[in-house]
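Welcome! Please open the model in your viewer and keep the selection tool handy. We will go from stop to stop, picking something to select each time.

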Amino acid sequence: MTTAPLATVRPGTLLKTAFIHLGILPFLLVGVVIFFALNESRFLSSLNIFNVARQSTFLIIIAMGQAVVLLTAGLDLSVGAVVGFAGVVTALILKSMGLAFPEATALVFATAIAGGIAAGLVVGLINGIGVALLNVPPFMMTLGTMTSLVGVALSMTKGLPVTQIPDDFMRFLGYGRVLGMAPAVFVTLILFAAMWLLLNRTTVGRYFYAVGSNIRAAQLSGINTRRQLMLAYLLSSLMAAIVGVLFLARTGSAEALNGQPYGLQSVAACVIAGVSLFGGNGKVRDVLLGALFIVILTNGMNLIRVESYVQQIVLGAILILALIADQIRTRLIAG
């Protein structure tokens with residue numbers, strides 16, 4: 001086999017090869033970094049880079065859970081509501097148990113965190129039962145759950161923010177340091193490693209891809225597809241609940257609508273990262289980069305003072321661009 005000298009390879013051919021192998025995400029990342037670096041001197045400052053790293057953790061965690069659901073050809077619109085709901089449950093337990101057991105700080109924190117996580121898992125279980133056992137379309141199931149959850153959280157708080165969170169709790173999970181890192185960054189790294197191992201090194205992970213690629217073929221192969229769908233929605237809600245607890249520790253306030261932006265953003269991060277809306281295709285590594293891209297884009301637009309409604313337009317346009325690029329890439333691979 002002969003290889004053409006590198007000097008004779010046209011730049012267009014190199015770009016096309018890179019696009020086929022990597023998708024559109026690397027091009028978008030490089031483009032936005034160059035654009036904002038040229039237009040805003042603060043963009044590449046160490047302080048801003050630290051802020052971007054910290055702000056991206058919440059979206060990365062939620063997007064990884066959303067990606068698992070998308071791999072099964074599903075969709076979870078309720079993740080944003082779960083963030084708010086888990087935060088409210090955690091905050092209310094913190095306040096009530098803090099008054100009852102003022103000296104048992106560790107017990108109060110552990111119970112509150114477990115309560116918030118459990119609240120998220122209950123939502124995931126409801127979504128899983130609806131989709132896997134009752135065959136409700138994922139869009140309708142999670143839309144209904146999202147709407148109900150917001151109402152439940154608002155009724156629990158009477159529409160008011162839950163504040164006066166203990167300083168020790170905020171220091172423990174919000175402003176403290178774990179191995180020199182912010183707790184949210186540390187938790188994100190642990191979850192990323194766990195999700196990578198799950199999807200790339202375990203049978204359960206491979207089954208997610210199989211269910212999303214062809215659920216009938218997966219059933220005929222002996223895969224318990226209902227169990228896989230249940231696991232996908234449980235994982236998605238678990239990730240969102242973890243963010244709800246971390247968000248509470250970071251902000252010191254719990255509100256029903258705290259996580260609303262994450263619903264659309266998590267889907268956008270996955271789609272931009274090449275996770276197929278039709279299931280069976282996507283990598284958790286790319287999801288991390290997709291979430292990071294959205295945070296960088298939002299951060300850059302904030303720095304150059306782009307209005308919030310214009311930011312929504314830009315995000316929507318990039319989402320459409322990513323979908324079109326994914327279709328073109330699929331044709332190039334096939335052809």
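Start by selecting Gly-274, which comes after helix H12 and has a positive phi, near 95 degrees. Keep in mind as you look around that this is a predicted model.

Now step back to helix H12 itself, residues 260–272. Is this helix largely enclosed or not? Ten of its 13 residues are buried, so the rest of the structure largely encloses H12. To see them, select Tyr-262, Gly-263, Gln-265 and Ser-266, then add the run from Val-267 through Ala-268, Ala-269, Cys-270 and Val-271 to Ile-272. What covers these buried residues? Show helix H2 (25–39), H3, helix H4 (79–100), H11, helix H13 (284–303) and helix H14 (308–334), which are among the elements that do so.

Next, pick Phe-293. Together with Phe-169, Phe-293 has the most contacts inside the largest nonpolar core, a group of 96 residues. Leaving aside residues up to four places away in sequence, Phe-293 touches Leu-25, Leu-28, Leu-29, Val-32, Ile-272 and Ile-318. You have already met Ile-272, one of the buried residues of H12. In soluble globular proteins, nonpolar side chains tend to be buried together.

There is also a second, separate core, made of six residues. Select Val-211, Ile-223, Leu-229 and Met-230, which are included in this second core.

Move on to helix H3 and find Asn-48 there. Is Asn-48 buried or exposed? Its relative accessibility is 7%, and under 20% means buried, so Asn-48 counts as buried. Show its partners too: not counting residues up to four places away in sequence, Asn-48 touches Arg-42, Phe-43, Asn-299 and Leu-303.

Now for a look at empty space. How many cavities of 30 Å³ or more does a search of the whole structure find? The search finds one, and the largest cavity holds about 40 Å³ of space. Select its lining: Arg-54, Phe-58, Leu-173, Gly-174, Ala-182, Ala-184, Leu-246 and Arg-250. Helix H3 (46–71), helix H7 (167–175) and helix H11 (225–251) are the elements that each give two or more residues to this lining. By class, the lining has five nonpolar residues, one polar and two charged.

Finally, colour the chain by confidence. The average pLDDT is 89, and 96% of the residues score at least 70. Confidence is highest in H11, at 96, and lowest in helix H1 (residues 11–22), where the mean is 76.

Terms used: Residues are numbered from 1 along each chain as its sequence is written. This is a predicted model: local features need pLDDT of at least 70, side-chain atom pairs count only at pLDDT 80 or more; totals for chains, interfaces and linings use all residues. Side-chain values use heavy atoms; hydrogens and water are left out. On a 1 Å grid over the protein atoms alone, a cavity is a set of points where a 1.4 Å probe fits but cannot get out, and a pocket is an open set with protein on both sides within 12 Å along at least five of seven lines; lining residues have an atom within 4 Å of a point. Grid points are joined across faces, edges and corners, and a volume is the space filled by probe spheres set on the points. Helices (H or I, at least four residues) and strands (E, at least two) are DSSP runs, numbered from the N terminus. Ala, Val, Leu, Ile, Met, Phe, Trp, Tyr, Cys and Pro count as nonpolar, Asp, Glu, Lys and Arg as charged, and the others, Gly among them, as polar. A nonpolar core is a set of buried Ala, Val, Leu, Ile, Met, Phe, Trp, Tyr and Cys residues joined through side-chain atoms within 4.5 Å. Buried means under 20% relative accessible area, exposed over 50%, partly exposed in between (1.4 Å probe, protein chains only). Contact means heavy atoms within 4.5 Å. pLDDT is the predictor's confidence in each residue, from 0 to 100.
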